[in-house]
Structure formats: structure tokens, C-alpha cells
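New to this one? Take a moment with the sequence and the model before reading on.

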Amino acid sequence: LNAAFFYYDYRDYQYYENLPDPTTATGWSYQWANIPELSYKGFEVEILAIPVENLTVRLAYGYVDNEIEEWFAGAPVDYSGNSIINVNEMDFSGAIRYDLTLGKLGVLSPQFEVSYMGPAPKSTSHPEYGEFDGYWTFNARLDYQDNDSGLGVSLFVENISDECYITNLITPGSEWGSDGARITRPLIYGVTVSYEF
């Protein structure tokens with residue numbers, strides 16, 4: 001069982017956000033700036049267990065809260081107390097793995113993984129926009145290790161459900177003429193081969 005509590009106090013936190021800009025036609029623009037003061041606090045808990053021989057189970061949970069303690073001096077609007085984007089308020093992951101001994105042939109290990117990323121703010125300057133929904137991801141892999149030769153082969157599948165989720169939006173409007181979005185990775189599968197000397 002591992003656990004950690006943390007608190008970060010940042011000064012001049014470099015940040016890219018849609019901020020007030022009187023030089024543009026809309027009065028807003030995406031720009032780099034330094035938030036005077038920003039804090040992070042939260043905790044993480046991890047459980048790693050071997051309930052029976054060759055079976056490994058791992059569970060992990062994390063929670064984080066961030067808050068702008070001080071906004072830009074002289075800004076027309078004060079966003080102190082808001083949260084910045086791209087920070088999920090919680091996350092969960094779990095994995096179960098079984099090592100099947102094949103005698104002189106080596107070890108075959110199937111593994112299944114699940115993870116959840118919690119909601120995240122859509123905008124720092126406009127909290128009324130709400131949050132992106134949380135989402136689940138499921139992965140699986142099959143590892144083979146030949147102990148005598150050092151050869152290893154792994155088959156893997158990531159995002160088995162092939163569901164994609166929006167994690168960030170960029171809506172510059174008339175400044176760029178188009179909007180943008182960041183999405184999660186689609187279904188990915190493949191093979192990796194390794195060799196230990």
C-alpha cells in the first residue's frame with residue numbers, strides 16, 4: 001500500500017489560454033502568459049497485491065484540485081478561484097496479470113487493464129462552459145518471455161472499445177477562422193519484440 005499527499009504552490013505559472021486582448025477585433029485571443037500564483041493539492045493511493053501465487057493485482061486512485069490564487073494584475077476580469085484546463089480532478093486505474101509458467105518454454109502472462117480519467121474544466125476564463133466528461137479506457141496484452149534465450153514477445157491492444165473522447169477545445173473564432181480539438185487515441189494494436197543479453 002502506497003499513499004502520498006501533495007501541495008504545490010506555483011509562481012509565474014506559464015500558461016496558454018484565451019485571455020482578454022484589446023488589440024483584437026473580438027477583445028480575446030489565445031496567448032502565452034504567466035499566472036502570478038497557482039496551487040495544486042491532492043493525494044494518490046496505490047494497492048499492489050499478490051492474492052494467490054502468480055496473480056498480481058494493482059489498483060490506484062488519485063485526486064487533484066487546482067486553484068488560481070492570484071490573477072494578472074490590471075486584467076479587466078479577475079479569474080482568481082477558477083481552475084485551469086487539462087487537469088482531471090481524479091483518475092483511477094487497475095490491472096490484473098497472471099504469470100503462467102510453461103516449464104522450460106518460459107512464461108506466458110495475460111494482462112488486462114482499465115483506467116478512468118475524471119472530468120476536466122473546458123475553460124479557465126469561462127467556468128460556465130462546464131467540464132469535459134470523464135471516460136473509461138480498456139487495454140489488454142499478452143506477454144511471452146523465454147527465460148533461457150532472453151527473447152520476449154508482447155501482443156497488445158489499447159482502447160479496446162475504440163471510443164474517442166474530446167479532452168480539449170480551441171475556439172479562436174475569427175482569429176484563425178477555424179476551431180480545434182484534442183481527442184484521445186483510437187484503438188491501437190501491435191506486437192513488440194525484445195531481447196535481453
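Here is a quick briefing, grouped by topic.

Keep in mind that you're looking at a predicted model. The chain is built from strands, 13 of them, with zero helices. Its radius of gyration is 23 Å, while a compact globule of 197 residues would come in near 16 Å.

**Overall build**

- Walk along the sequence and the pattern you get is β-β-β-β-β-β-β-β-β-β-β-β-β.
- The C-alpha trace spans about 70 × 40 × 30 Å along the principal axes of the chain.
- Of the 197 residues in the chain, 31% are buried.

**Aromatic rings**

- The count of aromatic pairs comes to 15.
- One of these joins Phe6 and Tyr8, a tilted pair with 5.7 Å centre to centre and 45 degrees between the planes.
- Tyr8 is partly exposed, because its relative accessible area of 43% falls between the 20% and 50% cut-offs.
- Phe43 and Tyr61 also pair up: their ring centres are 5.9 Å apart and their planes sit at 40 degrees, so this pair is tilted.
- Phe43 belongs to strand E2 (residues 28–49) and Tyr61 to strand E3 (residues 55–70), so the pair ties together parts that are 18 residues apart in sequence.
- Both partners are partly exposed, with a relative accessible area of 25% for Phe43 and 32% for Tyr61.
- There's a cluster too: ring pairs link Phe6, Tyr8, Tyr10, Tyr13, Tyr15 and Tyr40.
- Look at Phe132 as well, since Lys122 lies over the face of its ring, 5.5 Å from the ring centre.

**Salt bridges**

- How many salt bridges does a search of the whole structure find? The search turns up eight.
- Asp65 and Lys41 form one through their side chains, at 3.3 Å from N to O.
- That bridge has Asp65 in strand E3 and Lys41 in strand E2, so it ties together parts that are 24 residues apart in sequence.
- Asp65 is partly exposed at 26% relative accessibility, and Lys41 is partly exposed at 34%.
- Arg97 and Asp99 meet in a salt bridge at 3.2 Å, N to O.
- Arg97 has a relative accessible area of 23% and is partly exposed; Asp99 is partly exposed too, at 24%.
- Arg141 and Asp143 make a salt bridge at 3.1 Å, N to O.
- Is Asp143 buried or exposed? Asp143 counts as buried, because its 12% relative accessibility is under the 20% cut-off.
- Its partner Arg141 counts as partly exposed, at 28% relative accessibility.
- Put those residues together and you have a network of salt bridges linking Arg97, Asp99, Arg141 and Asp143.

**A nonpolar patch on the surface**

- Leu142, Leu151, Leu155, Val191, Val193, Tyr195 and Phe197 make a nonpolar surface patch of about 770 Å².
- Strand E10 (151–158) and strand E13 (188–195) each supply at least two residues of this patch.
- Which strand gives the largest share of the nonpolar patch? That's E13, with three residues.
- Val193 sits in strand E13, and Val193 counts as exposed because its relative accessible area of 62% is over the 50% cut-off.

Key. Residues numbered from 1 in each chain as written. Predicted model: local features only at pLDDT ≥ 70, side-chain atom pairs only at ≥ 80, totals over all residues. Heavy atoms only, no water. Phe/Tyr/Trp six-rings, centres within 6.5 Å; stacked < 30°, edge-to-face > 60°. Buried < 20%, exposed > 50% of the residue type's maximum accessible area, 1.4 Å probe, protein only. Helix = DSSP H or I, 4+ residues; strand = E, 2+ residues; numbered from the N terminus. Lys NZ or Arg CZ within 6 Å of the ring centre and 35° of its normal. Patch = residues over 30% accessible without salt bridge, like charges linked within 9 Å, V, L, I, M, F, W, Y side chains within 5 Å. Areas by Shrake-Rupley, 256 points an atom, 1.4 Å probe, with all protein chains shown as cover. Salt bridge = Lys/Arg side-chain N within 4 Å of Asp/Glu carboxyl O. Rg over C-alpha atoms; globule rule 2.2 N^0.38 Å.
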